[in-house]
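Hi,

Here is the structure I promised to pass on. Have a look at it first, and then read my notes below.

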Amino acid sequence: MNTLIIEHDIQEVVQHAIEKHGKTPDALIPILSEVNHVLGYIPAEAMREVKKQVHNSAEGLFVAESQLYGIASFYDMLSTQPRGRHVIKFCENAPCHVVGGKAIWDTLRENLGLENGETTPDNKWTLVTTSCIGLCSVGPVLLVDDDMYGNVTTDQIPEILGRYE
Amino acid sequence: MPFYRSHVLVCVDPECLAKGAHDVVDAFQDELVAQGLLDEIQVLETSRIGGCSNGPEMMVYPEGVHYVGMTADDVPFLVEEHFLKGRIVEKFREVAKVVVDEELGPLRPKEVRVVLRNCGEIDPMNIEDYLAVDGYQALGKVIGEMTPEQVIDEVTKSGLRGRGGAGFPAGRKWGLTRQVPGDIKYMVCNADEGDPGAFMNRRVLEGDPHSVIEGMIIGAYAVGASYGYIYCRAEYPLAVETLNVAIAQAREFGFLGNNILGTDFNFDLEVRVGAGAFVCGEETALMASIMGQRGEPRPRPPFPSVKGVWGKPSNNNNVETYANVPQIILKGANWYASMGTERSKGTKTFAVGGNVAKPGLIEVPMGITLREIIFDVAGGIKDGRQYKAVQTGGPMGGCLTAEHLDLPLDYEALAEAGSMMGSGGLVVMDETSCMVDIARFFMDFTQAESCGKCTPCRVGTRRILELLQKICDGKGERGDIEKLEDLCHEVAKNSLCGLGQGAPNPVLSTLKHFRHEYEAHVYEKRCPAKVCRPLIRFEIEQSCTGCMVCARNCPVEAISGERRQIHHIDVNKCIRCGICVQVCNFNAVSVSS
């Protein structure tokens, strides 16, 4: 089992997310986003827990696990697979591509020994591409967790990676 | 409230962050504690002090000293010198201060700013800044002096059309939503700006959120809505934060909530954050996502005006459309309609990118020509190259050529030329762009973003992409171009929503205007722009000095030759990465096709 999960009690994480966003059908995406944010992904157990806590047939509120999986697998920012402690999101869109994005991408892959979507064996890093984050005038752009880095050069990569434990 | 003698503003833009701005802020806080200055000096994080090229950057007020290029280790020295001894540290001082906002600089020639007028001018986190520039006066005018019908009339008369790209008249949409019976109606703002390279809405949300909120409240009054959602994409965390602050402040000032401005008009608003799905920019998919479902579109009718969020009548406009409304109310429909063409009024924001000299965000009056936008506003083509084409309307738009340069900016004119207005991405291409490769690039995007609900889009975009890839790989066969054309028409005709219907546009428009490039790829196995790797060859010419730089940089050791002798590329080993062309100081590596 992933070490992250041991640190967090899934039931508690889900409960906290539900308290914050409410027990309504339209809260499902915010709830799952929150679980994803805390745990790094949405384990099957968390989906079971969301269903258990939100589903209430007496009040006409029907939630199925399949529906939760449907949401989790549809949106790019939600993951059903475990991810590393830090997720690097690299913008692969045209505006970043034309200002040297490819070289940054190659350096990242080389430094981490990862391909798109992979996680390092020590669970530290996951490398993924992202949709355009609209910082096109300072491309190439990458995100480490929630930190945005712009006008990135290849020689900055080791230093940027070095900032994360 | 504490009174600080100095304020230190540290830039935390992405580029300064990359250079350690957070470390500098932390070091500053530590040093202020150590020196007992915490009550006297305030450190704030801000954005866009300068160009960030020599970051981290900071401004010290009230002196107005601009420091750049320090590290966390320099902070104790800086604090001691500047704040204890009162001496400006020349070493870090930026003397020639040139404020460069890479996205939105000073007004360019031929620009007219309506939507962007406050961006970079006011503090978006402070409602009083907005109030100082006539903010919420339009709302006051509407509630105090106008009936909902008059508001709709005014917006209709202004000629404002949907800025999300489709161009449906905003006033008419409001009128339709008003007419539908129902006691609960919703206002929806589409802030799911997903086109790659388009960031106009992000800048408005981050720089002037109240203009959007005010536009929505006015719209709610007009259509009779009591609640609203702003659906903002999760890729814009700063926009979400700014909106939430702005909504809370608007509530505090009585512009949102019950009894707005002392009347019996009630309206409140919340931000809904997406989770990463391009198709959620489609209005029915967006509403499904608001309701907590997979963001899949559904057939229309019924249109959202009749059946939208929670099955209730809902009015959906995009960020830019709403942001125009307060100005239209304040300055009048005639003022707005005085700009533009017969059918398209007002202004439009664009994010200009690609091979232009001055990329960035612009706002121009409708009716301006593409030539004026590219050559006068955006500074022409970069590096003295030749203009080739411009892609308007994002990944579902089309390519326009030199013959369209004098086309006036107008919804219908662009559509007649085989493209569309779209949300406002403009990618300008010079002669070094291969149009087949560009079509493949856009198709790669739409194929990945197809939600999979309807077969023509799910399977069709994949097959179109495969055909384009085959042609770019030099494996195109007789009949492929015709097959591609047929497939594009089928996908456009049979797809459920705008994504699938528009996906073939880049292919169809490049086929229309650059068919000879497709034919060169298929029949002559040649890429005229020398872009598609399997179709190009690298050769070293007589001007080679034998400096060996190319040989050292070649990743596959395909280059051989003695020092001071002309080098040679082994075409069988060469992977056509182009590194030798980049590193050669003598322009001795030629590319041919």
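One thing before the details: this is a predicted model.

I'd start in chain B, with strands S6 and S7. S6(B) pairs with strand S7 (residues 268-273) of chain B, and the two run in the parallel sense over 6 bridges. If you want a spot to look for, find B:Gly228, which stands opposite B:Leu269 in S7(B). There's a helix to bring in here too: H10 (residues 237-252) of chain B joins S6(B) and S7(B) in a β-α-β unit, and that unit is right-handed.

S6(B) also pairs with strand S5 (residues 186-191) of chain B, again in the parallel sense and over 6 bridges. In that pairing, B:Ala191 has B:Cys232 of S6(B) as its bridge partner.

So how many residues of S6(B) are buried? The strand covers residues 227-232 of chain B, and 5 of its 6 residues are buried, so call it mostly covered.

Now for the place where the two chains touch. Chain B puts 33 residues into the contact and chain A puts in 34. On the chain B side, helix H1 (14-18), helix H11 (283-290) and strand S9 (347-354) each supply at least two residues. Which of the elements gives the most to that side? It's H1(B), with 4 residues. Sorted by class, the side of chain B that touches chain A has 17 nonpolar residues, along with 8 polar and 8 charged ones.

That's what I have for now. Shout if anything is unclear.

Cheers

Key. Residues numbered from 1 in each chain as written. Chains lettered and ligands numbered in written order. Predicted model: local features only at pLDDT ≥ 70, side-chain atom pairs only at ≥ 80, totals over all residues. Buried ≥ 20, exposed ≤ 12 C-beta atoms within 10 Å, placed from the backbone. Pairing = 2+ DSSP bridges. Right-handed = clockwise from strand over helix to strand, strands pointing away. Contact = placed C-beta atoms within 7 Å. Nonpolar A, V, L, I, M, F, W, Y, C, P; charged D, E, K, R; others polar.
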